[in-house]
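Me: I'm new to reading protein structures. Could you go through this one with me, step by step?

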Amino acid sequence: MANVIKESSKKKTIGADNISPVNYLEKTYPVMTEEFKRLQREDYELFCQKQSDYGPSNIAMGTNLERKEDIKLSTTGLVVRINDKVNRLVNLVVRQNREGISETVMDSFQDLTNYSIMARIVRNGKWGK
């Protein structure tokens, strides 16, 4: 089976069998794809837990996210949080500096995932709805 991705009536397919990339990867790499799905569920559960603690107004920055300026403010706040996590990861992984850091590498990666999805939800106009 060729690994060339082809366009087929709006959906991408792989090889002569015209199977979807999802089906191809799940068949070829079942352990990896199951782990991806497991981690997504774990991230979603953490997201729900944090939202029950803080509520959506924390990300909305006290606004209704109805104006472009409000969405920009919220997105900027999320970018700052993402930047903090990236810098923490640089310290933990690249510099191997653990001084004063109680968060694990995996916690930081998980937060990055969730902040990125949250920014997408804000920009899609669906935050807090």
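Below are some questions and answers about this chain, which is shown as a predicted model.

Me: Happy to start simple: in what order do the helices and strands of the chain run from the N terminus on?

Reply: Good place to begin! The chain holds 5 helices and 2 strands. Read from the N terminus on, the elements run β-β-α-α-α-α-α.

Me: What percentage of the residues in the chain is buried?

Reply: Let's look at the outside before the inside. The accessible surface of the chain comes to about 9600 Å², and 54% of that belongs to carbon and sulfur atoms. The chain has 129 residues, and the buried share of them is 25%.

Me: Now for one residue: is K85 buried or exposed?

Reply: K85 sits in helix α4, which covers residues 68-94. Leaving aside neighbours within four places in sequence, K85 is in contact with E103, S108, D111, L112 and Y115. A residue is called buried when its relative accessible area is under 20%. The relative accessibility of K85 is 8%, so K85 counts as buried.

Me: Which elements give two or more residues to the lining of the largest pocket?

Reply: The largest pocket has a volume of about 290 Å³. Its lining is made of F36, L39, Q40, E42, D43, M106, F109, Q110, T113 and I117. Compare those numbers with the helix ranges, and the elements giving two or more residues turn out to be α2 (30-54) and α5 (105-123).

Me: How many residues of that lining, in the largest pocket, are nonpolar, polar and charged?

Reply: You can sort the names by type yourself. F36 and L39 are among the lining residues of the largest pocket, and both Phe and Leu count as nonpolar. E42 and D43 also belong to that lining, and Glu and Asp count as charged. The full tally for the largest pocket is 5 nonpolar, 3 polar and 2 charged.

Me: Which element gives the most to the lining of the second largest pocket?

Reply: The second largest pocket has a volume of about 240 Å³. It is lined by 13 residues, with K50, Y54, D111, Y115 and M118 nearest its centre. The elements that give two or more residues to this lining are α2, α3 (57-60), α4 and α5. With 5 residues, the one that gives the most is α2.

Me: And how many residues lining the second largest pocket are charged?

Reply: D111, one of the residues nearest the centre of this pocket, is an Asp, and Asp counts as charged. The lining of the second largest pocket also has 6 nonpolar and 3 polar residues, and its number of charged residues is 4.

Notes: Residues are numbered from 1 along each chain as its sequence is written. This is a predicted model: local features need pLDDT of at least 70, side-chain atom pairs count only at pLDDT 80 or more; totals for chains, interfaces and linings use all residues. Side-chain values use heavy atoms; hydrogens and water are left out. Helices (H or I, at least four residues) and strands (E, at least two) are DSSP runs, numbered from the N terminus. Buried means under 20% relative accessible area, exposed over 50%, partly exposed in between (1.4 Å probe, protein chains only). Accessible areas come from the Shrake-Rupley method with a 1.4 Å probe; for residues, only the protein chains shown count as cover. Contact means heavy atoms within 4.5 Å. On a 1 Å grid over the protein atoms alone, a cavity is a set of points where a 1.4 Å probe fits but cannot get out, and a pocket is an open set with protein on both sides within 12 Å along at least five of seven lines; lining residues have an atom within 4 Å of a point. Grid points are joined across faces, edges and corners, and a volume is the space filled by probe spheres set on the points.
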